[in-house]
Amino acid sequence: YNEYKSYLSQFTMKVAAIISTLEKLAPTKLAEAWDNVGLLIEPSKASEVKNILLTIDTTESVLLEAIAKDCNFIISYHPLIFSPIKRLTQERGNSRIVIGCIENGIHLYSPHTSWDSIDNGVNDWIVSCLDYNTKHPISLNPN
C-alpha cells in the first residue's frame, strides 16, 4: 500500500488546475442567479490535491470520510453554504463542516445548477431515462 500511495502522490494536481477543468466542463456563469456555486471553501494550506471525494451533499459523515480517505478536495453537487453564515460555532452542523474543512485543509467545490445547465448535464441525464422525443429548457439562461 505504501508503494502504491507514493506512486499516486506523483500525480497530484494544483487546486487551480482542478477548478479550471471544472469550469471548462460547466462554467459557473451558467448557474442560476440564486445559486451558490464554485469554490466555497478554500483553506490556506494545501494548494495541491491528493484525493477528491464526490458527493451529492456535504454532511458531517462525508467530511469524516474525506478525512479518513486523505481527500483534500470535495466536489459536492449541492452547495453546503447557501445562505450567509453569521457565525462559525460548533452549534450547527454546517458550521462544524466548514470549520472541519478549514482545519483539515479540505477545499469544497459545488457545481449545482451549472451542471444542470450544460448539454448532457444532470438534467439531460435524468430526462434520458424517460421516453421523450424532444426536450427543451423551461427557462433559458442568458449565459
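How many disulfides does a search of the whole structure find? The answer is zero. The model described here is a predicted one, and two of its cysteines deserve a brief look in this light. Cysteine 71 has a relative accessibility of 7% and therefore counts as buried. Cysteine 101, at 0% relative accessibility, counts as buried too.

With that settled, the overall layout can be set out. The protein chain contains six helices and six strands, and along the sequence these elements follow the pattern α-β-α-β-β-β-α-β-α-β-α-α. Of the 143 residues in the protein chain, 35% are buried. Among contacts with a separation of 6 or more, 70% are made by residues 24 or more positions apart in the sequence.

A good place to enter the sheet is strand β5, which spans residues 73-76. Both of its faces are covered, with Phe73 and Ile75 buried on one side and Ile74 and Ser76 buried on the other. This arrangement follows a familiar rule: in a regular strand the side chains alternate between the two faces of the sheet. Strand β4, made up of residues 52-55, runs parallel to β5 and is joined to β5 by four bridges. Within this pairing, leucine 53 has isoleucine 74 of β5 as its bridge partner. Between the two strands the chain passes through helix α3, and the resulting β-α-β crossover is right-handed.

Helix α3, covering residues 60-68, has two contrasting sides. Val62, Leu63 and Ala66 are buried. Viewed down the helix axis, these buried residues fall within an arc of 100°, so they line one face of α3. The spacing is easy to appreciate, because an α-helix has 3.6 residues a turn and residues three or four places apart point the same way. The other side of α3 carries Ser61, Leu64 and Ala68, which are exposed. The cover over the buried residues of α3 includes β4, β5 and α4. After the helix comes aspartate 70, with a positive phi near 60°.

The next strand to consider is β6, residues 107-110, which is likewise covered on both faces. His107 and Tyr109 are buried on one side, while Leu108 and Ser110 are buried on the other. Which strands pair with β6? Strand β2, residues 38-41, runs antiparallel to β6 and is joined to β6 by three bridges. Strand β5 also pairs with β6 over three bridges, but in the parallel sense. Leucine 108 takes part in both pairings: this residue of β6 is the bridge partner of isoleucine 41 and also of isoleucine 74. On its way from β5 to β6 the chain passes through helix α4, residues 93-103, in a β-α-β crossover that is right-handed. A further bridge between these strands links phenylalanine 73 to histidine 107 of β6. Isoleucine 74 thus appears in two pairings, as the bridge partner of leucine 53 and of leucine 108.

Helix α4 itself has Ser95, Ile97, Val98, Ile99, Gly100 and Cys101 among its residues, and these are buried. Cys101 is the cysteine already noted at 0% relative accessibility. The elements covering the buried residues of α4 include β2 and α3. Since α4 is in turn included in the cover of α3, the two helices appear in each other's surroundings. Just after α4, glycine 105 adopts a positive phi of about 65°.

The final stop is helix α5, residues 112-117, which contains aspartate 116. Is this aspartate buried or exposed? Its relative accessibility is 16%, and aspartate 116 therefore counts as buried, the cut-off being under 20%. The side chain of aspartate 116 forms a polar contact of 2.3 Å with the side chain of tyrosine 77. Leaving aside residues up to four places away in sequence, aspartate 116 touches Tyr77, Val122 and Asn123.

Note on methods. Residues numbered from 1 in each chain as written. Predicted model: local features only at pLDDT ≥ 70, side-chain atom pairs only at ≥ 80, totals over all residues. Heavy atoms only, no water. Buried < 20%, exposed > 50% of the residue type's maximum accessible area, 1.4 Å probe, protein only. Pairing = 2+ DSSP bridges. Right-handed = clockwise from strand over helix to strand, strands pointing away. Contact = heavy atoms within 4.5 Å. Polar contact = N/O pair within 3.5 Å; in protein donor to acceptor, adjacent residues only side chain to side chain. Disulfide = S-S within 2.5 Å. Arc of directions from axis to C-beta.
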